[in-house]
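Here are my notes on the model, set out as numbered points. Please read them with the structure open.

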Amino acid sequence: MNKILAQVNQKLKIDFNKANIFELPKISKVVVNVGIGSKAKTDGEYLKKVSQSLAEITGQKPAERLARKAISGFKVRQGESVGLQVTLRGKRMIDFIYKLVQIVLPRTRDFRGLSQKGFDNNGNYTFGFSEQNIFGEMTDQKTEVIHGMSISLVTTAENPQAGEKLLAAWGFPFEKKLNSKNTSQKTP
């Protein structure tokens, strides 16, 4: 863990031209969300199965999220379960990020990099998967239900550019930017 942090901090010192590591941006937490929708109403075991798979992927028991208010358009009542959430910090966060960058993203089919549109104005980054089977812990025998998930990386970066440099130092593969000169077609 300390070796990984030391390598990341060394890269960031060069990118940000800072000598003090406390001035560098860092990832403060990783939040993994799964929305369960209306399937939990019809199948009583669905919430338990999704909770088990999320716990296996993250190494931490997920917390159930309840609806704050009733929304008739979505057929949701106040107090109903609408999702599961895991917040990772410290060693578990670093292990999860390492697994995500080194194992999960490279084995994603037709993966061309993460979109840069996932950054907010504060440098936090959010992306998602449509299936949990991409994680090595989930085998076909263990997967009883298929669900998607959203992963949010909360950073101390001040803007999207700083957040992108931070995540690039961690090894996150982003899409290649195309030059407008190379993409325009020349007419004879």
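1. Secondary structure. The model is predicted. The protein has six helices and five strands. Along the sequence they follow the pattern α-β-α-α-β-β-α-β-β-α-α.

2. Global numbers. The protein has 188 residues, and 36% of them count as buried. Its accessible surface is about 12,200 Å². Carbon and sulfur atoms hold 48% of that surface. Take the contacts with a separation of 6 or more: residues 24 or more positions apart account for 67% of them.

3. Nonpolar core. The largest nonpolar core contains 44 residues. Val30, Phe129, Phe135, Ile151 and Phe172 have the most contacts inside it. At least two residues come from each of H1 (2-16), S1 (27-35), H3 (46-58), S3 (81-88), H4 (90-104), S4 (125-129), S5 (149-155) and H5 (160-170). Which element gives the most to this core? H4 does, with seven residues.

4. Ile151. This residue is among those with the most contacts inside the core. Leave out residues up to four places away in sequence, and Ile151 still touches Val30, Val31, Val32, Phe96, Leu100, Tyr125, Thr126, Phe127, Phe129 and Phe135.

5. Strand S4. Side chains alternate along S4. Tyr125, Phe127 and Phe129 point to one face and are buried. Thr126 and Gly128 point to the other face and are not buried. Such alternation between the two faces of the sheet is what a regular strand shows. S4 pairs with S5 in the antiparallel sense, over five bridges. What is the bridge partner of phenylalanine 129 in S5? The partner is methionine 149.

6. Helix H3, geometry. H3 has 13 residues, so at 1.5 Å a residue it should span 18 Å. Its end C-alpha atoms are 18 Å apart, which agrees. Just after H3, glycine 59 takes a positive phi of about 80 degrees.

7. Helix H3, burial. Tyr46, Leu47, Val50, Ser51, Ser53, Leu54, Ile57 and Thr58 are the buried residues of H3. Seen down the axis of H3, they fall within an arc of 165 degrees, so they line one face of the helix.

8. Gln52. Glutamine 52 is also in H3. Why does glutamine 52 count as partly exposed? Its relative accessibility is 48%, and the partly exposed class runs between 20% and 50%. Proline 62 is 10 residues from glutamine 52 along the chain, and their C-alpha atoms are separated by 8.5 Å.

9. Lys99. Lysine 99 sits in helix H4. Is lysine 99 buried or exposed? Its relative accessible area is 15%. The cut-off for buried is under 20%, so lysine 99 is buried. Residues up to four places away in sequence aside, lysine 99 touches Ile57, Val104, Phe135 and Glu137. Two of these names appear above: Ile57 is a buried residue of H3, and Phe135 is among the core residues with the most contacts.

10. Helix H5. The buried residues of H5 are Ala162, Gly163, Leu166, Leu167, Ala169 and Trp170. They cover an arc of only 155 degrees around the axis, so they lie on the same side of H5. What do the buried residues of H5 pack against? They pack against H1, S1, H4, S4 and S5.

11. Val82. Valine 82 is in strand S3. At 32% relative accessibility, valine 82 counts as partly exposed. Its contacts, not counting residues up to four places away in sequence, are Val34, Gly35, Ile36, Gly37, Arg65, Leu66, Ala67 and Val76. Lysine 39 is 43 residues from valine 82 in sequence, yet the two are 9.8 Å apart in space, C-alpha to C-alpha.

12. Asn17. Asparagine 17 lies in the loop between H1 and S1. Its phi is near 55 degrees, a positive value in a residue other than glycine. Asparagine 17 is exposed, with a relative accessible area of 70%. Compare glycine 59 just after H3, where phi is also positive.

Methods
Residues are numbered from 1 along each chain as its sequence is written. Side-chain values use heavy atoms; hydrogens and water are left out. Helices (H or I, at least four residues) and strands (E, at least two) are DSSP runs, numbered from the N terminus. Buried means under 20% relative accessible area, exposed over 50%, partly exposed in between (1.4 Å probe, protein chains only). Contact means heavy atoms within 4.5 Å. Accessible areas come from the Shrake-Rupley method with a 1.4 Å probe; for residues, only the protein chains shown count as cover. A nonpolar core is a set of buried Ala, Val, Leu, Ile, Met, Phe, Trp, Tyr and Cys residues joined through side-chain atoms within 4.5 Å. The expected span of a helix is 1.5 Å times one less than its number of residues. The arc is that of the directions from the helix axis to the C-beta atoms. Two strands pair if DSSP finds at least two bridges between them.
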